[in-house]
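Dear colleague,

I am handing over the structure below, together with some notes on what was found in it. Please read the notes with the coordinates open beside them.

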Amino acid sequence: MSDSLKKTFQSNVSELDNAEMKLWLNKTIESEIIPRLLMGHKLEPANDQFIRQINEINITQVEIVDFCQILLDDPIEDSFSFIDKMQKSGHTLVSLYMNLIPASCRRLQHLWENDENSFTEVTVALGRAQNLIHQLSPLFMSQGNLAHYQGNALLINAPGSQHTLGILILGEFFKLNGWNTTVEIETSTAELKDRINLQAYDLLAISISCEDQWDTMEALLNEVKKVSKNKGILTMVGGPLFDYKPELVKACSADACALTAEEAIKTVSDLLAQRTSLN
């Protein structure tokens, strides 16, 4: 494993006071750590061998507990070593991204809710998981077939949202399926409008976690169509809110709403294909 994948995690947790950290983690937990937007376990990878590996090799509860404990207690190098060991035993990164990492983060939520680990310990562990996703991205991309270019995608959290891991993992799967993907964890309405006015995106996807963000999201969707450099930009929304209130799917003004990664990628591909057939 290359040295670049073993960089020590540099957490900025110390820069936040306890109240700010409490608010951040509570919002993360309210968003279920990994939004269900990413929980589509039928996402088709690049080849049949991938599918066989995902389906035939299960992640065990012992492996989840062990990895979660490493995230909590050990340096980041040990997390990479654990991933490396899992790959050598036959797991693909797709399987680990969709099973091991989300399950470990849900366990962190459980440990927090049951007062088995402190706020700071869970926060640092989540930071290590996020760092893993960033550092493993080049290897993850090598697992698929990136030859078929789909377009430019911009994935964002709704302004004011705090969850991060979900949108990061979703971005990885869009990249794997041929999208030139940009992920913005935190962005204001003004920053987003400037970005899509300057660069032509084929897709804007917004993840929303709570109903308080609804009006902001709807206003943003309306503004995007007006100021986008690409006047044919597609808009899509998803996230935990639509699990809690599925009736909002029909109320949303976006071009599409998706609840899983598989659904998101397929829906956008179908919409683009429809447009191509009409031209």
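In which loop is Gly-178 found? In this model, which is predicted, Gly-178 belongs to the loop between helix H7 (165-176) and S2. Gly-178 counts as buried because its relative accessibility is 8%, under the cut-off of 20%. Leaving aside residues up to four places away in sequence, Gly-178 touches His-148, Tyr-149, Gln-150 and Gly-151. With His-148, which lies 30 residues apart from Gly-178 along the chain, the separation between C-alpha atoms is 5.6 Å.

The strand that follows this loop, S2, belongs to an open sheet of five strands, whose order is S2-S1-S3-S4-S5 and whose pairing is parallel. Strand S2 (179-184) and strand S5 (256-257) form the edges, each of them pairing on one side only.

Within the sheet, strand S1 (residues 151-157) pairs with strand S3 (residues 203-207) in the parallel sense, over five bridges, and Asn-157 stands opposite Ser-207 in S3.

Two helices may be worth viewing together with these strands. Helix H9 (residues 214-227) packs on the sheet, where it touches S1, S3 and strand S4 (234-238), and the direction of H9 makes about 165 degrees with that of S4. Helix H8 (residues 189-198), for its part, lies across S1, S2 and S3, and runs at about 180 degrees to S1.

With best regards

Note on methods:
Residues are numbered from 1 along each chain as its sequence is written. This is a predicted model: local features need pLDDT of at least 70, side-chain atom pairs count only at pLDDT 80 or more; totals for chains, interfaces and linings use all residues. Side-chain values use heavy atoms; hydrogens and water are left out. Two strands pair if DSSP finds at least two bridges between them. Helices (H or I, at least four residues) and strands (E, at least two) are DSSP runs, numbered from the N terminus. Contact means heavy atoms within 4.5 Å. Axes are lines fitted to C-alpha atoms, for helices over the stretch in contact, and angles run from 0 to 180 degrees between N-to-C directions. Buried means under 20% relative accessible area, exposed over 50%, partly exposed in between (1.4 Å probe, protein chains only).
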